[in-house]
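Student: Please pick one part of this structure and go through it closely. I would like a single connected account that starts with the part itself and then follows its links outward.

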Amino acid sequence: MLVCVTSFSQFLFNISNSKSKNIKFKILLLLLLSSSAFANEADECKIVEETADMIIQMRQGGIDLKKVFDDTKDGLMEHQVQLLEDMIADALSKPVYVTMLGQQKVINEFVTGWKKSCLKSNNGK
């Protein structure tokens, strides 16, 4: 089963690095994978980390996150919608930087915060 997750994660990585990105598709796949029976707690936190990275990069790139949310939320489970909504609200609270150094700093802090939050919540279960 771990092979399925690893292969799918590699597939998602390839999509995220391609020039013809479909943001709605990537977020939907990441969120759907997070509810998969194949995913364990570590996999779930990796998905949260990757989703956080994508969302804050979109924020730093000037993409309308509210539109992404509206276009993505249909068909998602309630906890997935809540996670995406919380993550977007958090990203919108972060400033947009024009320098690569500023952008990288806020991206790293955002992703690290969401990863730590996920790991902490999974340890509390």
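Tutor: Phenylalanine 110 and tryptophan 114 are four residues apart in helix α6, so about one helical turn separates them. The model is a predicted one, and every value below is computed from it. The count of aromatic pairs comes to one. In that pair, the ring centres of phenylalanine 110 and tryptophan 114 are 6.3 Å apart and the ring planes are at 50°, so the pair is classed as tilted. A cut-off explains the word: planes under 30 degrees apart would count as stacked and planes over 60 as edge-to-face, and the rest are tilted. Phenylalanine 110 is buried, and tryptophan 114 is buried as well.

What does this pair touch elsewhere in the chain? One way to see it is to look from methionine 87. Setting aside neighbours within four places in sequence, methionine 87 is in contact with Phe110 and Trp114, and also with Val48, Thr51, Ala52 and Ile55. Two of these names return when the core is considered. The largest nonpolar core has 21 residues, and the members that touch the most other members are Ile55, Met87 and Phe110. Four elements give two or more residues to this core: α3 (41-60), α4 (65-72), α5 (78-92) and α6 (100-123).

Leucine 84 offers another view of helix α5, where it is placed. With a relative accessibility of 0%, leucine 84 counts as buried. Its C-alpha atom is separated by 9.0 Å from that of alanine 52, although the two residues are 32 apart along the chain.

Next, follow helix α6 to its cysteine. Cysteine 118 is joined to cysteine 45 by a disulfide, with an S to S distance of 2.2 Å. A disulfide is a covalent bond between the sulfur atoms of two cysteines. The count of disulfides is one. Cysteine 45 is in helix α3 and cysteine 118 is in helix α6, 73 residues apart, and the pair links distant parts of the chain. The angle about the S-S bond is -90°, and the link of cysteine 45 and cysteine 118 is left-handed. Cysteine 45 and cysteine 118 are both buried.

Helices α3 and α6 are also linked by charged side chains. The structure holds four salt bridges. In one of them, the side chains of glutamate 49 and lysine 115 meet at 3.8 Å, N to O. This too links distant parts of the chain, with glutamate 49 in helix α3 and lysine 115 in helix α6, 66 residues apart. Glutamate 49 has a second partner: it forms a salt bridge with lysine 46, with the closest N and O atoms 3.8 Å apart. Here the partners are three residues apart in helix α3, about one turn of the helix.

Are the residues around glutamate 49 buried or exposed? Glutamate 49 has a relative accessible area of 17%, so it is buried, since the limit for buried is under 20%. Lysine 46, at 41%, is partly exposed. Lysine 115 is partly exposed too, with 34% relative accessibility.

A further salt bridge joins aspartate 90 and lysine 94, with the closest N and O atoms 3.4 Å apart. Aspartate 90 counts as partly exposed at 23% relative accessibility, and lysine 94 is partly exposed with a relative accessible area of 26%. Salt bridges that share partners join Lys46, Glu49 and Lys115 into one network.

Arginine 59, in helix α3, makes a contrast with these charged residues. Arginine 59 is buried yet has no salt bridge, and the nearest side chain of opposite charge, that of aspartate 64, is 8.4 Å away. A salt bridge would need a side-chain nitrogen within 4 Å of a carboxyl oxygen. What does arginine 59 touch, leaving aside its neighbours within four places in sequence? Its contacts are Leu65, Ala91, Leu92, Lys94, Pro95 and Val96. Lys94 in this list is the residue that forms a salt bridge with aspartate 90.

Finally, here is the whole chain around this part. The chain has six helices and zero strands. Of its 125 residues, 36% count as buried. Taking contacts between residues at least 6 apart in sequence, 68% join residues at least 24 apart. The disulfide of cysteine 45 and cysteine 118 likewise links distant parts of the chain.

Note on methods:
Residues are numbered from 1 along each chain as its sequence is written. This is a predicted model: local features need pLDDT of at least 70, side-chain atom pairs count only at pLDDT 80 or more; totals for chains, interfaces and linings use all residues. Side-chain values use heavy atoms; hydrogens and water are left out. A nonpolar core is a set of buried Ala, Val, Leu, Ile, Met, Phe, Trp, Tyr and Cys residues joined through side-chain atoms within 4.5 Å. Buried means under 20% relative accessible area, exposed over 50%, partly exposed in between (1.4 Å probe, protein chains only). Contact means heavy atoms within 4.5 Å. Lys and Arg count as positive and Asp and Glu as negative; His and the chain ends are not counted. A disulfide is a pair of cysteine sulfur atoms within 2.5 Å. Rings of Phe, Tyr and Trp (its six-membered ring) pair if their centres lie within 6.5 Å; planes under 30 degrees apart count as stacked, over 60 as edge-to-face and the rest as tilted.
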